[in-house]
Amino acid sequence: EVGGITMQQGLALLAGDPDTQVVAIVSKAPAKAVAARVLEVARKLGKPVVVLFLGADAGAVERSGNIFPVTTLEDAAHASVGLLRSGQPSAGAATTAPREALPDTGFADGQRYLRGLYSGGTFCTEALLIWRAAGIEAWSNVPVDKALQLGELAPSREHSAVDLGADEFTLGRPHPMIDPAMRVKRILAEARDPAAAVILLDVVLGYGVNADPAGALVPAIREAQALAAKAGRRLAFVGFVCGTDRDPQGFTEQRARLRDAGVSLARSSSAAALLAAALVERRPLKV
């Protein structure tokens, strides 16, 4: 019903901005009619437009004229920078997790499931799509397959990715990018599940979010590791930091805090989702 109104307004503003040379659209899959409307505006922009409609049907966006479709957030970043620098979309490094790059996890018998605990729905959806492409079906409160719908506030089951920023988690509470309490609670719940093997976390920097998101998560990560160790298990944590050193929290400092707590860090949300899957599957994966 909204029809992508603000997306179209944003495109119109960028079309008239002389400093904007390349535009990137990032969205979950819109309704077909809305996608067609947005793409019609994008084609008339007079500037290259990178388009990522996460979860859209294959071929929903055709490469034509100034439109450059991509399938992951990392691809969107590489394509945009390539168009800016050379006029051609760069594919960048392959999003892959080769066997030789995988640390020895030492999982106990029965530990075989992925648990993504996201503060952002776009990152969560991307992980679900990457896992599906790798042959891993996952439950979620924002599933790409409605048959894998987790109940409201339900615990994880089998492979799962949860958007903790969804309405059911934020009703009467601050968003998890601001207050980590709900995610901390969920991390410890996963640590008590003998089937959980890998916990995947996003850490988002910027204004209007937690002043030290990595620092807020580290005590829970350490406690979860201790709970698992006491039960004779080892939890693997995988994460990525979305931000830059210009953000008030500091990209380098946040990564250092997580790495010191034993988190395996990936360069992007796309790579983190694939690394987490590869740790569970113990095989090379690529999308």
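These legends accompany close-up views of a predicted model.

**View 1. The second largest pocket and the residues at its centre.** Welcome to a pocket with a volume of about 370 Å³, the second largest in this model. Its lining is made up of 19 residues. If you would like a place to start, look for L73, E74, A77, R267 and S268, which lie nearest the centre of the pocket.

**View 2. Elements around the second largest pocket.** Two strands, β1 (23-28) and β9 (236-242), each give two or more residues to the lining of this pocket, and so do the helices α3 (73-86) and α8 (251-260). Helix α3 provides the largest share of the lining, with 6 residues.

**View 3. Residue classes in the lining of the second largest pocket.** Sorted by class, the lining holds 11 nonpolar residues, together with 5 polar and 3 charged ones.

**View 4. L153, a residue with positive phi.** Here we move to the loop between β6 (139-140) and β7 (160-163), where L153 is found. Although L153 is not a glycine, its phi is positive, near 60°. Its relative accessibility is 43%, between the 20% limit for buried and the 50% limit for exposed, so L153 counts as partly exposed.

**View 5. E158, in the loop between β6 and β7.** E158 is also placed between β6 and β7. Phi of E158 is near 50°, again a positive value in a residue other than glycine. Is E158 buried, partly exposed or exposed? With a relative accessible area of 39%, E158 is partly exposed.

Notes
Residues numbered from 1 in each chain as written. Predicted model: local features only at pLDDT ≥ 70, side-chain atom pairs only at ≥ 80, totals over all residues. Heavy atoms only, no water. 1 Å grid on protein atoms, 1.4 Å probe; cavity = no way out; pocket = protein on both sides within 12 Å on 5 of 7 lines; lining within 4 Å. Points joined across faces, edges and corners; volume = space filled by probe spheres on them. Helix = DSSP H or I, 4+ residues; strand = E, 2+ residues; numbered from the N terminus. Nonpolar A, V, L, I, M, F, W, Y, C, P; charged D, E, K, R; others polar. Buried < 20%, exposed > 50% of the residue type's maximum accessible area, 1.4 Å probe, protein only.
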